[in-house]
Amino acid sequence: MGGFASTEEYIAVLLDIDLIAEVVAEDPQGKFYNLNELFDKVNHEYFAASLTKPRLAWSRVNTYRKFGHYESARNRIVMSLR
């Protein structure tokens, strides 16, 4: 299973397309919190600033069963609005 969709070449192309599109929904600034600022604070305080920042975004819809999710192919963390 996996095939082409799990290759590094596919992942690189997917990231390139995402970066070109710069989806409006991919905004780390929420109504109250900025995900970039929170990541930087946690990274500094707990990991000696050793983590590489992924792309951070708020989801476009309210979710009730999960706090967020990580999309490895896009190196993106999407946080739930609720």
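**Exercise 1.** Find out which residues make the nonpolar surface patch of about 400 Å², and place Leu51 in the chain.

*Solution.* Keep in mind that you're looking at a predicted model.
- Step 1: Pick out Val42, Tyr46, Phe47 and Leu51, since together they make the patch.
- Step 2: Now zoom in on Leu51, which sits in the loop between helix H2 (35-47) and strand S1 (55-58).

**Exercise 2.** Is Leu51 buried, partly exposed or exposed?

*Solution.*
- Step 1: Grab the cut-offs: buried is under 20% relative accessible area, exposed is over 50%, and partly exposed lies in between.
- Step 2: Leu51 has a relative accessibility of 39%, so it counts as partly exposed.

**Exercise 3.** Work out how strands S2 and S3 are joined, then look at the hairpin they form.

*Solution.*
- Step 1: Locate S2 at residues 68-71 and S3 at residues 76-79.
- Step 2: Check the direction: the two strands run antiparallel, with 4 bridges joining them.
- Step 3: Follow one pairing, from His69 across to its bridge partner Val78 in S3.
- Step 4: Go to the turn of the hairpin, where 4 residues lie between the strands and Asn75 takes a positive phi near 45°.

**Exercise 4.** Sum up the protein chain: what order do its elements run in, and what percentage of its residues count as buried?

*Solution.*
- Step 1: Tally the elements, and you get 2 helices and 3 strands.
- Step 2: Read from the N terminus on, and the order is α-α-β-β-β.
- Step 3: For burial, 23% of the 82 residues make the cut.
- Step 4: Finish with the surface: the chain exposes about 6,500 Å², and carbon and sulfur atoms supply 59% of that.

Terms used. Residues are numbered from 1 along each chain as its sequence is written. This is a predicted model: local features need pLDDT of at least 70, side-chain atom pairs count only at pLDDT 80 or more; totals for chains, interfaces and linings use all residues. Side-chain values use heavy atoms; hydrogens and water are left out. Patches are made of residues with over 30% relative accessible area and no salt bridge: like charges are joined within 9 Å, nonpolar side chains (Val, Leu, Ile, Met, Phe, Trp, Tyr) within 5 Å. Accessible areas come from the Shrake-Rupley method with a 1.4 Å probe; for residues, only the protein chains shown count as cover. A salt bridge is a side-chain nitrogen of Lys or Arg within 4 Å of a carboxyl oxygen of Asp or Glu. Buried means under 20% relative accessible area, exposed over 50%, partly exposed in between (1.4 Å probe, protein chains only). Two strands pair if DSSP finds at least two bridges between them.
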